[in-house]
Amino acid sequence: MQDMLTRDMFTVMNQDNQTISIKSATPDEAEIICDIRDRAWIDAYPNPELGISPRDIEINAKGLHGEFVPKRIAWFKGKLAKNDENWICYTAQINNVTVGFVIASTEDDGKKFINSIYIEPNFQGKGLGTMLMKKALDWLGSEKGIYLEVLSYNQNAIDFYKRFGFEKTDTVVPQEEGAPDYIKSLPQIEMVLKRP
Ligand SMILES: CC(C)(COP(=O)(O)OP(=O)(O)OC[C@H]1O[C@@H](n2cnc3c(N)ncnc32)[C@H](O)[C@@H]1OP(=O)(O)O)[C@@H](O)C(=O)NCCC(=O)NCCS
């Protein structure tokens, strides 16, 4: 096992001799980050009991004809190119291939968020989410509560967050306003990691 910590990158060798790296995302990762999110959504979010099909999730992620995809990539590229001190995206690589990311942010009033965390479905359950989460929590600091929203039926993710001390709040997460009719609204809960 070999660890290396540079200014912006943490690298560790796993037992299969693969190099795992966690680092700040760069604009050239925008496309793969968006693709990982879409594939993780389509893998994790359908729910037949609630009438939420894989196609519903694909439409939510990409639009009816994939029209959201290039817009999101362009937006993301711009966001990653800016040096925004209140917003961070870290990515995880296995042998230099990006397979996951986390986004965290601080609002003007100081409220802190985990905005999203997604691991490519084939690489889930290998500790990458934990590494990314630790990095994001370090960046957010320990002075104030940290909030996130998660689908109410996404029990894997809820259990994952609970491991870090997050708990459900009483806040009712409002449905997104102004979305086109073909976007399926999905039930969400809010969780908080209370500090100190
Ligand atoms: C939730 C997610 C970010 C966790 O990342 P991960 O790399 O898979 O999690 P880790 O390997 O670090 O697992 C941490 C622990 O949670 C458990 N766990 C996490 N995801 C799991 C899954 N999908 N199935 C079973 N167990 C899981 C692991 O067993 C592990 O426990 P251990 O440390 O005792 O072995 C990732 O699974 C994911 O992207 N899921 C789909 C998308 C999603 O729901 N994102 C969150 C949106 S709010």
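In which handedness of crossing does helix 1 pass helix 3? Helix 1 passes helix 3 in a right-handed crossing, a term that applies if the near helix is turned clockwise from the far one by less than a right angle, whereas anticlockwise would be left-handed. This is a predicted model, in which local features need pLDDT of at least 70 and side-chain atom pairs count only at pLDDT 80 or more, while totals for chains, interfaces and linings use all residues. Residues are numbered from 1 along each chain as its sequence is written, and side-chain values use heavy atoms, with hydrogens and water left out.

**Helix 3 and its two faces**

- Helix 3 covers residues 68-81, and its 14 residues should span 20 Å at 1.5 Å a residue, which agrees with end C-alpha atoms that are 20 Å apart; helices here are DSSP runs of H or I with at least four residues, and strands are E runs of at least two, numbered from the N terminus.
- Ile 73, Phe 76, Lys 79 and Leu 80 are the buried residues of helix 3, where buried means under 20% relative accessible area, exposed over 50% and partly exposed in between, with a 1.4 Å probe and protein chains only.
- These buried residues cover an arc of only 130° around the axis, which puts them on the same side of helix 3; the arc is that of the directions from the helix axis to the C-beta atoms.
- The face turned away from that buried side carries the exposed residues Pro 70, Lys 71, Trp 75 and Ala 81.

**Packing of helix 1 on helix 3**

- The cover over the buried residues of helix 3 includes helix 1 (30-44), strand 4 (87-94) and strand 5 (97-106).
- Ala 30, Glu 31, Ile 33, Cys 34, Arg 37 and Asp 38 in helix 1 meet Val 69, Arg 72, Ile 73, Phe 76, Lys 77 and Leu 80 in helix 3, contact being heavy atoms within 4.5 Å.

**Ile 57 in helix 2**

- Ile 57 is found in helix 2 (residues 54-62) and counts as buried, at 0% relative accessibility.
- Leaving aside residues up to four places away in sequence, Ile 57 touches Trp 41, Ile 42, Tyr 45, Pro 46, Ile 52 and Leu 186.

**The loop between strand 4 and strand 5**

- Asn 95 lies in this loop and, although a residue other than glycine, has a positive phi near 45°; Asn 95 is partly exposed, with a relative accessible area of 41%.
- Asn 96 lies in the loop between strand 4 and strand 5, has a positive phi of about 70° although it is not a glycine, and counts as exposed at 71% relative accessibility.

Conventions: The expected span of a helix is 1.5 Å times one less than its number of residues.
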